Amino acid sequence: MDKFTNSAWFMRIVAFALAALLFISINFEMESDKKSLGLSTAPEISTETIENVPVEVYYDRENLVVSGVPETVDVTLKGAKSLLINAKNQRDFKVYVDLSDPAISMGDRTVTFKISELNEKLVATIDPEYAEVNVQERVTKEFSVEAEYNSSLLEEGYTAGQPTVSPKTVKITGAKDAIEQISYVKANLEISKGLNETVNSKATVKALDRDLNKLDVTIEPSSVAVSLKVSIPSKTVSIAPKQTGKAKDGIRITSISVDPKEVTLFGSETSLEKIDEINLPVNISKIDGDTELELDLNKPESVQKMSLGKAQVKIRTEKVDVDEENAEPVVEEEEPETEQKQEEQVVEEKPEAEEEDEAAAIESKTFNNIQIVPVGIRDDQDAELETDATSITLLGEADDLKKITKDDINLTVDVSNLDEGTHDVDLAVTVPEGVEWELDSKTVSVTITQKDEET
């Protein structure tokens, strides 16, 4: 026994046992101290709800369409708080629905949400737990697009043509049931109130069922270009100068003429039907002799706009004796004429009539290079005339023709209602009263082009 206790191995075993007892004693005291301080080494278990977690759907996207899967779900996690905080901040887990089985059948089914890439020490609960989904064959079909707009937003008096769409057709892809429900494919053109010009814009395409409910399908392209031509009815009427006031003593007004003689009015058709001419008041009370004035044209309230706002007025006068102007005409009593005297009077008057006929002989006068002026050009268009000048021949009495100059002749062509392209348009001719006119051609070729949009 003494030999064993005195051996080296005995001493080693005793030393190891003492060390183990000392380690256990120290740890026991530390645990006691922690408990007395309210400390514990066990991890704190907690829960955390993460809202709006995206849901991924795995299926054959080339041949199938799946509907009914919510875009997001709420996930409640349970576990150590440190792990929960990391999972909430990183969101490094995925919620998904697996429909990738090639043998999956068409129709309605109930599927369970699953979670992946989540720390295995955390427990997850998904809300909702299930989803009712529909699996359909994927179908693509071509449809024509119809553009529409709110016509009540047009400015009063303006009208719009049928809107044009480019491209005219789109390809729509979706579940077979959804494609069969399509009744309308619309492109709604958004316009602002008071629209008075042509619109070229993009419009989003929507597929609608018979009750105008939007269908969940994919449309390619999703938007189309829509052009809506907006114009306003027009009517060309004469300008009628109306003499107002009283001429000064010794002045007699011999003629009042206006240039141009016509003006184009723009407005609703019902308003234009009631207007045959535009009155132009001319006050003669301050006229001392031959005068040319530029006067404003008064726009009727029912008219939206006019092709011009002013007109040139030429006033011709002659001076007369004041006494002669105010003298009352003397009417003398005449003796009854015998038949013989009446016959003599008729015979005497015949030569005078012949002389008047000779004096009133019709002559002609030709004016070259008279400019043709286009009127009513819209802001978004350009108008190009095949020829911008022509010759005109006037027919009338020699005395009248002598007074006429190029400035008295006005040739216009109304392009206000022309669409893009080339058109043959009638010339509007304004010449002084009492003369006739002749043209080599009464029409002119006009090419309308769309202005380039500013970038």
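Me: A salt bridge is a side-chain nitrogen of Lys or Arg within 4 Å of a carboxyl oxygen of Asp or Glu. Which residue forms a salt bridge with Lys235?

Reply: The model is predicted, so local features need pLDDT of at least 70 and side-chain atom pairs 80 or more, while totals for chains, interfaces and linings use all residues. Numbering runs from 1 along each chain as its sequence is written, and side-chain values use heavy atoms, without hydrogens or water. Lys235 has its closest N to O approach at 3.7 Å. The partner is Asp276.

Me: How many residues apart in sequence are the parts that Lys235 and Asp276 tie together?

Reply: Lys235 lies in strand S18, residues 234-244 (strands are DSSP E runs of at least two residues, helices H or I runs of at least four). Asp276 lies in the loop between helix H5 (269-273) and strand S21 (277-283). The pair therefore ties together parts whose separation is 41 residues.

Me: Is Asp276 buried or exposed?

Reply: Its partner Lys235 has a relative accessible area of 26%, so Lys235 is partly exposed (buried is under 20%, exposed over 50%, partly exposed in between, with a 1.4 Å probe and protein chains only). Asp276 reaches 59%, so Asp276 counts as exposed.

Me: Which residue joins Glu146 and Glu148 in one network?

Reply: Salt bridges that share partners build this network. Glu146 and Glu148 are two of its members. The other is Lys186.

Me: How many salt bridges does the count give?

Reply: Lys88 and Glu48 make one of them, with N and O 3.0 Å apart. Lys88 sits in helix H3 (residues 81-90) and Glu48 in strand S1, so this pair ties together parts 40 residues apart in sequence. Lys94 and Glu117 meet in another, at 3.9 Å. The count comes to 9.

Me: What is the relative accessibility of Glu117?

Reply: Its partner Lys94, at 32%, counts as partly exposed. Glu117 is exposed. Its value is 53%.

Me: What is the angle between the planes of Tyr58 and Tyr96?

Reply: The count gives 1 aromatic pair (Phe, Tyr or six-membered Trp ring centres within 6.5 Å; planes under 30 degrees are stacked, over 60 edge-to-face, the rest tilted). Tyr58 and Tyr96 form this pair, 5.4 Å centre to centre. Tyr58 lies in strand S1 (residues 45-58) and Tyr96 in strand S4 (residues 94-98), so the pair ties together parts 38 residues apart in sequence. The pair is tilted, at 35 degrees.

Me: Which of these two, Tyr58 or Tyr96, is buried?

Reply: Tyr58 has 31% relative accessibility, so Tyr58 counts as partly exposed. At 18%, the buried residue is Tyr96.
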